[in-house]
Amino acid sequence: MNKDIFLTNSFGNKKEKFVPINKNKIGMYVCGPTVYDDPHIGNARPLVVFDILYKVLKCKYGNKSISYIRNITDVDDKIIQSSLENKISIEDLTKKITTNYHSDCNYLKCEKPNEEPKATENISLMIKMTEDLIKKNYAYVNNKHVYFEVKKFNDYGKLSNKKLEELIAGSRVEISENKKNPEDFVLWKPSKENEPYWDSPWGKGRPGWHLECSVMSKKYLGIKFDIHGGGRDLIFPHHENEIAQSRSANDSDVFANYWVHNEFITISNEKMAKSQGNILKIKDFKKKVNGQILRLALISAHYKQPLDWNQKLLDECQKSLNKWYDCYVEIKKKILIPEDLLSPLYDDLNTPGYIANIHKLYERAHKGTIKDKEIFTTACNFIGLLTDSKDKWLEFKKEKSNISEEEIFSKIKKRDEARKNKDYKLSDKIRDELLNKGVLIEDKDGKTTWKFK
């Protein structure tokens, strides 16, 4: 495909043409989960957004040209706190949450990244980067803590497009008597009794959160790479601190060329957060909602716009997928997707525009040939939809309805009798009962047909 890809770069906050450093070796690093609790819908949005970007990059440059790295943070204050609260060892907790996270990724039809490094597997490299920062006078040691001295890095705040004073005023900066300045952030800190620790030149301790991603991105992608992604909440302090320590340690003028951040998911227009008490965990949807429905909902708005999560959105997405499965065919050979159909995705991952194209394609496929249906199914597959067989989709709807076919036929028979007796009140009641159980009935040419909605 000859069309260029455009992305909104948070560094400068403008849409730019994507020009890779090396088109045969494109690097994308996305911040993964801190495995202290099961992922929620807010965590699912970057999962799906960057999965789509991964697909678009592979479509443009080839499957073997992209290195997609997504880390797992398995040492952190939140993990330690969660292990204490839940009376479970840190090892068992991180293993359990990581397993659940991978299950959620599969449920949402996300591809695996090329590498998924864990923080605990790269501690020696974090110690090495910290030593380098001390030698270069960007960091200092105090009371077994090591801090990055922010004032030593002149470009601090350029990603956020804010001055240092504004950043400090607008955030919860960690207060510590060990710091020279309130804005300085920790690279290494001593571990308390019964906390995980590693031996270091500064005593037994563990790394700061920001250091982990700087080290793992360098290990797999080098000191300068193409795309760094994550949720908007990571811009400050996480990504701002990554830039400062990486460029300082590596003596480089650039860390990542393109910074891509997705907006938040809201509930009744309020940000989803534990403090709001409105957290919706992915696992709670699994028994009642097919993962494709959640996936379609997550890409129904542009990634740069907030997405308000509600039942109406899920119902509309299920309705669309029910309709689209009418045109599903099994793909046995590779089908090329027309360039004009893909155009919205190349233009800053415009998923609503691509979905609008799928709706148009469905109208053609519904009235057209097997070839039209193959193109339609392939177009859906490209963004991770219609990936289950039609039988599997119908089976899920059947399970969700919680009603047997025998009961459906019995109720339809009673409804037919009510209609013959002109008892339309009872007839409507039976229809609504079936509808509430996920069964849609339709009267046509004197016959009643039904299907799971």
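**Exercise 1. Which residues of helix H10 (residues 339–346) are buried?**

Before starting, note that this is a predicted model, in which local features need pLDDT of at least 70 and side-chain atom pairs count only at pLDDT 80 or more, while totals for chains, interfaces and linings use all residues. Residues are numbered from 1 along each chain as its sequence is written, and side-chain values use heavy atoms, with hydrogens and water left out.

*Solution.* Step one is to fix the terms: helices (H or I, at least four residues) and strands (E, at least two) are DSSP runs numbered from the N terminus, and buried means under 20% relative accessible area, exposed over 50% and partly exposed in between, with a 1.4 Å probe and protein chains only. Step two is to apply them to H10, where Leu-341, Leu-342, Pro-344, Leu-345 and Tyr-346 are buried. Step three is to look for what covers these residues, contact being heavy atoms within 4.5 Å; the cover includes strand E1 (6–9), helix H1 (41–61), helix H11 (351–367) and helix H12 (370–382). Just after H10, Asp-348 has a positive phi of about 60°.

**Exercise 2. Find the cavity of the model and describe its lining.**

*Solution.* On a 1 Å grid over the protein atoms alone, a cavity is a set of points where a 1.4 Å probe fits but cannot get out, and its lining residues have an atom within 4 Å of a point. Grid points are joined across faces, edges and corners, and the volume is the space filled by probe spheres set on the points. The search finds one cavity of 30 Å³ or more, and the largest cavity has a volume of about 50 Å³. Among its lining residues are Arg-45, Val-49, Ile-52, Leu-298 and Leu-349, and H1 gives the most to this lining, with three residues.

**Exercise 3. Work out the order of the open three-stranded sheet, then examine strand E10.**

*Solution.* Two strands pair if DSSP finds at least two bridges between them. The open sheet has the order E12-E11-E13, with mixed pairing. Strand E12 (270–271) and strand E13 (307–308) stand at the edges with a single partner strand each, so one side of each has no neighbour in the sheet. Strand E11 (residues 265–267) runs antiparallel to E12 and is joined to E12 by two bridges, with Thr-266 opposite Lys-271.

Turning to E10 (residues 256–262), six of its seven residues are buried, so the strand is largely enclosed by the rest of the structure. Strand E9 (residues 225–231) pairs with E10 in the parallel sense over six bridges, and His-228 has Trp-259 of E10 as its bridge partner.

**Exercise 4. Classify the aromatic pair Tyr-325 and Tyr-328, and locate charges over rings.**

*Solution.* Rings of Phe, Tyr and Trp (its six-membered ring) pair if their centres lie within 6.5 Å, and planes under 30 degrees apart count as stacked, over 60 as edge-to-face and the rest as tilted. By this rule there are 16 aromatic pairs. For Tyr-325 and Tyr-328 the ring centres are 5.6 Å apart and the planes stand at 35°, so this pair is tilted. Tyr-325 counts as buried, at 1% relative accessibility. Elsewhere, ring pairs link Phe-18, Tyr-61 and Tyr-258 into a cluster.

A charge sits over a ring if NZ of Lys or CZ of Arg is within 6 Å of the ring centre and within 35 degrees of the ring normal. Lys-58 lies over the face of Tyr-54 at 4.3 Å from the ring centre, and the charged end of Lys-180 sits over the ring of Tyr-140, 4.7 Å from its centre.

How values were computed:
On a 1 Å grid over the protein atoms alone, a cavity is a set of points where a 1.4 Å probe fits but cannot get out, and a pocket is an open set with protein on both sides within 12 Å along at least five of seven lines; lining residues have an atom within 4 Å of a point.
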